[in-house]
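Colleague: Got a minute to walk me through this one? I have a few quick questions.

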Amino acid sequence: MSIGQRRLGRTGLKVSEVSLGTMAFGRWIDQKASADVLDTALESGITLIDTADVYGSGMDKGNPLETGESETILGNLLGARRHQIVLATKVHGRVGLGPNDAGQSRYHIQRAVENSLKRLQTDYIDLYQVHRFDEETPLEETLRALDDLVRQGKVRYIGASNYAAWQIAKAHGISAQLRLERFESVQPEYSIIARGIEQELVPFAVSEGVGVIVYSPLGRGLLTGKYSYGGQPPAGTRGAAGEAAPDTVRTGT
Ligand SMILES: NC(=O)c1ccc[n+]([C@@H]2O[C@H](COP(=O)([O-])OP(=O)(O)OC[C@H]3O[C@@H](n4cnc5c(N)ncnc54)[C@H](OP(=O)(O)O)[C@@H]3O)[C@@H](O)[C@H]2O)c1
């Protein structure tokens, strides 16, 4: 299979048509196995690598102090290859016990980006994404904080994950009004069992030139054939570990 390149939405940034998600790095697989995955991905032509500050073993233990291992492993492994890829990470999830150790306040974003840069062993992030919508922080505050990071050269493009079309449209309105960077990409879940984005988000993204980077194309494992309808999830799977199924499966729609 040859993996092509395309523009991320309306931007001039070229990204591979297939990306590598690294949620498993440091959580389900160690650095050695992660190295094999990363090498195989890069050799196959993948240049878009996605991580998040919360990806790590703490996700399964409910321990916000054990986060960031995916970024740390990527930082250890990339070396000079860092400049040949598009490195995407995210901010929002809880990474500490303090009241400001999560979310999209200016306070948290400024601290979180420094920690991600350190773990990734780089001085810039190509695509910095807010991980989900933050109902407790004004979008103006988040967008200004992200815009500052672009001006400072710490971040090149900004994106949003798990946002509804109206939430990105609202953010775009604020960016236009205040002359701030706008979200150039969205990262939603999409597979044959999670098709919700086809109704609003994808038409919106096409209309506005927003790049769409989908996650969980195998329905978090449900589409691999290892699960049976009505049966218990097989041992060792994410289903057995209690990970929620996509909305369409949960609701039966
Ligand atoms: N933005 C967000 O909120 C968000 C959320 C989730 C994911 N993501 C991104 O999307 C990436 C991919 O997500 P995902 O891991 O949920 O994707 P996925 O491809 O839908 O699910 C991967 C799962 O499928 C199963 N699987 C994969 N290959 C298999 C094979 N050859 N044989 C048997 N089973 C196989 C494994 O399940 P078992 O481990 O159960 O065996 C594996 O964990 C993440 O790494 C992350 O970067 C983003």
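Modeller: Sure. One term before we start: contact means heavy atoms within 4.5 Å. And keep in mind that this is a predicted model.

Colleague: Fine. Using that, what is Ile49 in contact with, leaving aside neighbours within four places in sequence?

Modeller: Leu20, Thr22, Leu38, Leu42, Leu74, Ile85, Val86, Leu87 and Ala88.

Colleague: And the largest nonpolar core, how many residues does it have?

Modeller: It has 47 residues. Ile49, Tyr128 and Phe183 have the most contacts inside it. Helix 5, residues 139-151, gives the largest share, six residues.

Colleague: What lies apart from that core?

Modeller: Another core, of eight residues. Leu8, Leu48, Val86 and Leu127 are among them.

Colleague: Switching to the ligand. Which residues come nearest?

Modeller: Ser161, Ser216, Leu218, Lys226 and Arg238, out of 22 residues around the ligand.

Colleague: What about Ser161, which of its atoms lies 2.8 Å from the ligand?

Modeller: A polar side-chain atom, and its partner is a nitrogen atom of the ligand. Arg238 uses a polar backbone atom, 2.7 Å from a ligand oxygen. Met23 also has a polar backbone atom by a ligand oxygen, at 3.0 Å.

Colleague: How much of the ligand's accessible area does the protein cover?

Modeller: 70% of the 910 Å² that the ligand has on its own.

Colleague: Back to Ser216. Where does it lie?

Modeller: In the loop between strand 9 (211-212) and helix 8 (247-251).

Colleague: Buried or exposed?

Modeller: Ser216 is buried, because its relative accessible area is 15% and the cut-off for buried is under 20%. Beyond four places in sequence, Ser216 touches Glu189, Tyr190 and Ser191.

Colleague: Now the helices. Which residues of helix 7 are buried?

Modeller: Leu201, Phe204 and Ala205, in a helix that runs over residues 201-208. Seen down the helix axis, the buried residues fall within an arc of 100°, so they line one face.

Colleague: What do those buried residues pack against?

Modeller: Helix 6 (165-178), strand 8 (183-187) and strand 9.

Colleague: And what does the face turned away from the buried side carry?

Modeller: The exposed residues Val206 and Ser207. Gly209 then follows helix 7, with a positive phi near 70°.

Colleague: Why call helix 3 largely enclosed by the rest of the structure?

Modeller: Because seven of its ten residues, 69-78, are buried. The buried ones are Ser70, Glu71, Ile73, Leu74, Gly75, Leu77 and Leu78. They pack against helix 1 (31-43), strand 4 (48-50), strand 5 (86-91) and helix 4 (106-120).

Colleague: Which residue takes a positive phi just after helix 3?

Modeller: Gly79, at about 55°.

Colleague: Last topic. Where is Gly173?

Modeller: In helix 6. Gly173 counts as partly exposed, at 38% relative accessibility. Its C-alpha is 31 Å from that of Tyr55, with the two positions 118 residues apart along the chain.

Colleague: And Ala164, where is that found?

Modeller: In the loop between strand 7 (155-161) and helix 6. Ala164 is partly exposed, with a relative accessible area of 29%. Ala164 and Ala24 are 26 Å apart, C-alpha to C-alpha, and 140 residues apart in sequence.

Colleague: Thanks, that covers my list.

Key:
Residues numbered from 1 in each chain as written. Predicted model: local features only at pLDDT ≥ 70, side-chain atom pairs only at ≥ 80, totals over all residues. Heavy atoms only, no water. Helix = DSSP H or I, 4+ residues; strand = E, 2+ residues; numbered from the N terminus. Buried < 20%, exposed > 50% of the residue type's maximum accessible area, 1.4 Å probe, protein only. Arc of directions from axis to C-beta. Near = heavy atom within 4 Å. Polar contact = N/O pair within 3.5 Å; in protein donor to acceptor, adjacent residues only side chain to side chain. Areas by Shrake-Rupley, 256 points an atom, 1.4 Å probe, with all protein chains shown as cover. Core = buried A, V, L, I, M, F, W, Y, C linked by side-chain atoms within 4.5 Å.
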